[in-house]
Every structure is written in C-alpha cells, then in structure tokens.
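User: I have a model open and want to go through some of its contacts and buried spots. Can you take questions as I scroll?
Analyst: Go ahead.

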Amino acid sequence: MPETGRDPTRPSPDALLEAARREERTRGRLKVFLGAAPGVGKTYEMLTVGRARLKAGLDVVVGVVETHGRAETEALLDGFETISRRSVPYHGTVLQEMDLDALLARRPALALVDELAHTNAPGSRHPKRYQDVEELLDAGIDVLTTLNIQHVESLNDVVASITRIRVRETVPDGVLDRADDIEVVDLNPDDLIQRLKDGKVYVPTHAERALKHYFSRGNLTALRELALRRTADRVDDELLGHMRANAIAGPWAAGERVLVCVNEDPRSAGLVRHAKRLADRLHAPWTALSIEGARAAALSEAERDRIAEALRLADRLGGDAVTLPGGRRIADDVLDYARSANVNHIVVGKANRSWLFELVNGSVVYDLVRHSGAISVHVVPGEAVPDEKPVRRAVAVIAPRPGRDARPYAIALAAIAAGLGAAIVAEPYAGVENADLFLLTAVVAVAVRWGLGPSLVSVVAASLAYNFFFLPPVYTLTIADPTNVAAFLLFTLVAVLVSNLASRARRVAVVSQGRARATERLFGFSRKLAACGTLDDVLWATCAQVAAMLKVRVVLLLPDGQAVTVRAGYPPEDMLDEADLAAAQWAFDNDRPAGRGADTLPGAKRLFLPMRTGRGTIGVIGLDSDGTGPILSPEGRRLLDALADMGALAIERVRLVEDLDRAERAAETDRLRQALLTSISHDLRTPLASVLGAASTLRDLEAALPADAKAELLATIIEESERLNRFIANLLDMTRLEAGAVAPNLSAQDVAETVDTALRRTQKILAEHRVAVEVEADLPPLALDPVLFEQVLVNLLDNAAKYAPEGSTVTVRARRADDRVRIAVLDEGDGLPEADMERVFDKFYRVRKGDRVRAGTGLGLAISRGFVEAMGGNVTAENRRDRSGACFTVSLPIPARNAPRDIAA
C-alpha cells in the first residue's frame, strides 16, 4: 500500500515490520504453483520440487495428490510417504478426502497438498481445502500446493466472461497474497492443446468436449495472460516492499485511491471484484462503501444480506468496508466521503432502474458523473447471475418472520374512519371546504406512525371517503361538477405526497433512533471499560453488556497456555462441556467462528466467535440462548462485532499494562540470572580445584603417601570429575533444548530396566540414602528414548539425594493409571514451598535450603521437563501427602496396540 507524507530517504516502518515478522515467524511457509489451466504441469512440478527437498534430507509427506491417471505424475509419487485418505460417506457413495488430523499428528516439515480450491465433502472440519492448508501452516508445517488462475476470487467474473463458464470453487485473494512464494507453471497454448489431444490431460471423451469449449486457443491465451499478470503484480509488490525497506528511491505509486459503491443490487459482488483489480493495477488502497439511506429500513433481509456479503467480500479481498448513514442524496454522501478520504477513482454499477424510479428518486450514477469534479467515475456494466446461490453465512442468523402484519393497515382504516367522523361532525361549523383537512391529518398520522404501505391505503380510503361524503352528489362515487374533479385529484395528489414525505421522515427517524440508541449504549460501554483497572473487571463488564444488549447468555474464554479456559460469564458460568470446549478451542486456534449455527462443530451448545485486535486473536466469546437454531439476528451480529471489538481492545490495554509489569520483573529476573551464572562458575571451579589439588598431591607426594591415602585421592578425582561432567552435560543439554535440537529416538522400552539402569548410574550419589523400588508387574513397554529418559531419572534421583537428609529413603515408584504410566521419585526431605511448585522447573532456579545441600546448576529439573515433553509426556512436582518430602511424577502415554513392541535390549 502506498505511503504518503513519508521521508523517502528513510526505510518504511511497515516494510521493516513485515520483514521482521517474516524472520520471526512460527507459521509454516506456503508455496503455490499457479497455472493458467488444467494440464500445464502444476502437480508434476510440485512433486519434482518435493522430491528434490526429500533428497536433500527434508521430511516430506504427501497429504493429497490427484494424478488424474497421468502415468508420468504417478511415477513421481514413488518414494514419498503418503498419508492415507479419509473415507466420507455421502449420499450412498464414499468420498476420499485428505486426512487433516493424521497429517497434523504426523507433523512433517513439508506437506504436499494438491488442488487448493477443492471443496471438501460435507461433514469435514473445513468446507474448503484452503482452510485445511491454513491450519497446517498455523501448525508450523510448510506446504506446497497447486492452483489454477480461474479459482482466484477476484478474477471469477473475468474468467466467466472469457470462458462462458462460472467456476464455483474459489480461493480468497488473501490466501494467495499471504503465500511466501508463487511459481507460475506456464505452457504454450498450442502445446497444451496437443497434450489434451494426446490424452495426457483428460480421457479421450472428456478431452474432445474440453477442446470444443474451455480449451480453445483464445481462452487459453487469455487465461495465461491473467496468470502472468497476477504473478507480475505479486512480484511488483515484493519489489516495492524491498525498496521501501531499504529506502531505495523509485517510481512510487502514490496518491491513488479507489472507492466502490455497493448496494442491494445482485451485481455488487462483481463491482467489488472489479474495484480490487483496478486497485491492484494502480497499486492503490481501496474501500467498499455502503450508504444507509432512508430506503435502508425498507430493505428485505435478503437485500441486507447481499450488502453485508459484498462488504465481507471486500474485507476478504484486502479492502476496507465502510457503512455510513445517508442524508437526502446518496450521490452527495458518496462524494463527500470520497473527497474527505482523498479518493480519485469511484467505481459504480450501471443503473438498471426504471425511468419512473429515477424520476422520483434521482439517478445516483448521473449525479456522481455530473458533480464528481476531478474524481474519475468508472461506470461498470454487469449482469447478475440468476442461478448463483447466495454465499452461506459463516454463522447462521435468525431468519425474519414471513408474511406481512395486517394490524397497521386495519389501524390506518380506523384512523381514516375517525377523521371522517370528525369531518362530518365539524361540517356544519367549518364548512365542507375544510373537511379534507381532517382526512389529510389522519393520513399524515398514519404515515408518521406506520410508514408508507399503510399510509397509501389510508390515501385511497380518504380519497373515496372525501368523494362519497363531501363531493356532490353525496353518498355516491359520481362527481357531477368538473371543478370537484380537480379538487378530488388535487386532494389525492396532496395526500400521496404528504404521506410519502411523512413516511420517509419516519424511516429516517427510525434509523436515526436505532443508531442513537446503539451509539449511546456503546458510548456507555466504552466509559465502563475505561474505568476498569483489572482484567477481571473488563471481562465481567463485557459479559454483562453483551448479555444485556443481545438478551443472551455469555461466556468469555482466554488462553491459558495452549488451551482456552473460562474466565468470566453472565450469568456466572465456569464449566463447559467437552463439545463447547472443543468448539471454543477451534475458534481461537483458527480465528473463525465455531459451534452452534457455524460451519464448524455445529453440534456445540454455544456459538463461539474469536475476539481480535491488531495483535491477533486474544480470546473467544461464547453465546447461548434458549431454544435451538441460530442465536443472533443480522443486526445483532453486527452489534456483537462492535461490542467484541471494544472488549478486545480493553483486554489488550490491560494486558499491555501487565506486559510492562512483566518486563520489569523480567529485568529483575535477568539480574538474578546473572548472579546465578556467577554461582555456576563457582560450581564449575570447585570440582576443578578439587581435581587439581588431588592430582598435584599424588604427583608430588606419591612416594610418601600410604596406599589408603592414594586410593582416597583417586576417589576424590573420580567423584569430582563425575560431578564436573554432570554440570557440563546439563549445560549442553539445556543448550540443545533451547535450540530445538532434541529429537528423541523413540523405541519400545521396559520401565523396570530403565529404572534399574538409572539407579546403577546414581549408586554413588545415593550411597548415604536407602533406596526403595516399587514397580508394578506387567507394565506395558513405553515409547521412549532410552538415553534421554535415563538422564531424566538420573536428574530426579540426584535432586532427591540433595534435598533429603542422609539415612532417609528415596523411593522410585512406577504404576499404571488408565492409558498412561506414572513414574514417581519421592524423597523424605522438607518438601517444596507452595510458591516453588512450578518454579523448580525454571532454568537456574534452586530452592533455598541450608548449607548441607550440595551445590547444583539449577538446570537438572528444567532439562528433565524438556526431555519428557519431547517424548510426549509431562512432569509435575508436588509435596507428599503421607509424610514430609517432595514427589516428582513423570507421566507418559501408553503406545497404541499396533505400536512396535520389541523390547530394546
């Protein structure tokens, strides 16, 4: 996006931040092989690159590849590990889909996923394959994938106009924009047609039909140009980013801004895509604008949905979506916004209104062109697609009640009857010439209270009543005097105009009152949030406000480690069932709605929506109401978005304050760490001094020393060397853990044998203690790295020996608990302070004890936790319940029945 007002001699902050984000990213890298049409060789090229990565030693797995029976493509699959597909029953058939869960569990370094635009079978976790790829990337897995240009969302209309075929499976442009690399797989149209004739793309019957329709030379040339242009735009963006990051002077695309006007017209989505393409060509930011005028209240829910979907499409394509209240003329509102936003290109659809509509309401297009001044107005023709199904909402909303309420019309007739009665009573005093005023008063009252429809009914009734009761001959609908005909027509015209103006004023008033109420509540909510000083206050205020305004039950969940937990609710709620927790976790992890009424996990009781700020997703809000089906109305969903955004910003504000406090504490911790490192250097020098002293004594006084003194000095050298070796090994192990270089070599191991080996290694350390071993018989083998797990036990036993008094018992206990095996090391020392239960696993942290405790590095327990977690388990610390002392428990999962069961010797 071009930047204005920036010093060109200095690097762009946005470009530098983007470069830093890419360097520090934990998200996987995405490479897209983009082609103009099927058969150009995208899958072949993807497999070729994947094979090269595999030969280079990278862990590459095939998630899904569609060979379409092409022999040369199938040959490239040899040698790849392929994840078995998942079978999905559908209408009597079985569909084969990529097994996303198996791929996530396998967690390769690189996954090959063909056909990015593919639509998954109903019942899958995601409706589209590109959403599966997004989840893989979020898990840190690199992905190679393929895509044809006709599946790009912003080019959907263009491809349809070229090929006369509308592609239903599309991928949002944002997915392509976020790709780390795009490689165009290009093939000359003549060569592609020849491949088609040779049967290398489709089977002969399909190939013949494709040649007659889609695969014409003109179509392929146009699609090829689209693919090359789309990639060229991407390359240009990367070049501009590099120039801005390095303050390189160049031709900047500054000053261009695009505005597209959307309304309830079915062509609005096409206008948004056109604006996206225009903005890409101009390298300009763009905005989709909807004016909520007097007619907004009269729009049907389908028309409101159409506007909302067009604005959501603009948001997905990278534009800004703006809705503004309208004044008297829509064109003036659009031009006012355009001038205030420095817009110089307005995209508007060609009018298809009737001449009568434009005569009454005016032509927005004509007014824009006439009054635009220096702003370019792009009038875009287009046709709605009659058979195109509306895009399904990510969250279902309450459908409006069908039918029309007859009560306002009955009241309108009653009001005219009342006016007629008043006119008849007043006629002897006011004269017949003033009788129409009573009827007009009733018409205005109906228009102001009930709107245009009932007011028009009242106009008809008033006109007939005026004719029947007051124009001679009375009590007939015949008009004898020509002057009375003019009076009757004039009365009807005035009544229509007055009712129209009054009903329009009513609609504006209703919209304004609704906005005023919502604004007042939002303002009050913002004041409440501003007064909140703690996170709990912010959470409770947000829950209460959402519950009060939307008449729902609310829970708020925030991340606690890797999982989200309930932090507040209204009414108070602190427990969710498993289905709700799974939906909440998925909504947080994937930044998309989940649960009741959503596309994902609709079986949950509640609807969960992510709460976002500029820093990403910070929490999840859950809604529940009585009954079944959707929870929110369309207006309620828009209001919830505003409330959730305000609450998210308040949560972020409180957390920023907490982050500042943590930063200050971290600085203090760093000073403590420096002191501990100084202590470590002392711990390393002490055994070295002992070794040097003992060795020097043996060298200088060997002849004079008795045999038992020599043996004692040799034992000192060995003991202190082993101590020094443990210190250095701990430092090296911690370095490996922090660098992520610990890759366990898992194999089936017998727990009893591993415990026995660790006890033999610590025989000298535990020499002054009794050792009790309680290992259950018939424990199943565990998937362990024998070297790492042995070191875990050694560290735990060494820790027990340090903090337990001499002569006490150190117990090693191994038992089965459900689907896990728990190995515990218990001592009979003083136990752990409550505040140190988790801190004991921090690096360089040591519980303060007396001088009798042997010095240590403060790394042993941190290393143990790192090793255990690398093997899929966890380690916890607690105090013993039967007596004083600490208990460290390692919990490891029991492998599945089909896991290898060979016991390592």
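Analyst: One term before we start: buried means under 20% relative accessible area, exposed means over 50%, and partly exposed is in between. Also, this is a predicted model.

User: Arginine 85 then: what is its relative accessible area, and which class does that give?
Analyst: The value for arginine 85 is 32%, so it counts as partly exposed.

User: Which residue does arginine 85 form a salt bridge with?
Analyst: Glutamate 66, with the closest N and O atoms 3.0 Å apart. Arginine 85 is in the loop between β3 (81-82) and β4 (86-90), and glutamate 66 is in the loop between β2 and α3 (71-76), so the pair links distant parts of the chain, 19 residues apart.

User: How many salt bridges does the count come to?
Analyst: The count is 31 salt bridges.

User: What about arginine 106, which side chain does it meet in strand β3?
Analyst: Arginine 106 meets the side chain of glutamate 81 in a salt bridge, 2.9 Å from N to O. Arginine 106 belongs to helix α4 and glutamate 81 to strand β3, 25 residues apart. Glutamate 81 is partly exposed at 37% relative accessible area.

User: And aspartate 59, where does its salt bridge go?
Analyst: To arginine 106, at 2.7 Å from N to O. Aspartate 59 lies in the loop between α2 (42-55) and β2 (60-64), and arginine 106 is in helix α4 (residues 100-106), so this pair ties together parts that are 47 residues apart in sequence. Both ends are partly exposed: aspartate 59 has a relative accessible area of 31%, and arginine 106 has 28%.

User: Switching to glutamate 97. Buried or exposed?
Analyst: Glutamate 97 counts as buried because its relative accessibility is 4%. Its place is in strand β5 (residues 93-97).

User: What does the side chain of glutamate 97 have as a polar partner?
Analyst: A polar atom of that side chain lies 3.0 Å from the backbone nitrogen of alanine 121. Leaving out residues up to four places away in sequence, glutamate 97 touches Arg85, Arg86, Val88, His118, Thr119, Asn120, Ala121 and Arg129.

User: Next, strand β9. Which way do the side chains point?
Analyst: In β9 (residues 258-261), Val258 and Val260 point one way, Leu259 and Cys261 the other way, and all are buried. Side chains in a regular strand alternate between the two faces of the sheet.

User: What sense does β9 pair with β10 in?
Analyst: Parallel, over four bridges, with β10 covering residues 286-292. Leucine 259 stands opposite threonine 287 in β10.

User: Which residues of helix α13 are buried, and what covers them?
Analyst: In α13 (residues 330-340), Ala331, Asp333, Val334, Leu335, Tyr337 and Ala338 are buried. Their cover includes β9, β10, β11 (320-325), β12 (345-349) and α15 (364-371).

User: What follows α13?
Analyst: Asparagine 342, which has a positive phi, near 60 degrees.

User: Last one: which residues make the nonpolar surface patch of about 360 Å²?
Analyst: Leu490, Leu493, Val494 and Leu497. Leucine 490 lies in helix α19 (residues 482-531), and at 54% relative accessible area leucine 490 is exposed.

Definitions and conventions: Residues numbered from 1 in each chain as written. Predicted model: local features only at pLDDT ≥ 70, side-chain atom pairs only at ≥ 80, totals over all residues. Heavy atoms only, no water. Helix = DSSP H or I, 4+ residues; strand = E, 2+ residues; numbered from the N terminus. Buried < 20%, exposed > 50% of the residue type's maximum accessible area, 1.4 Å probe, protein only. Polar contact = N/O pair within 3.5 Å; in protein donor to acceptor, adjacent residues only side chain to side chain. Contact = heavy atoms within 4.5 Å. Patch = residues over 30% accessible without salt bridge, like charges linked within 9 Å, V, L, I, M, F, W, Y side chains within 5 Å. Areas by Shrake-Rupley, 256 points an atom, 1.4 Å probe, with all protein chains shown as cover. Salt bridge = Lys/Arg side-chain N within 4 Å of Asp/Glu carboxyl O. Pairing = 2+ DSSP bridges.
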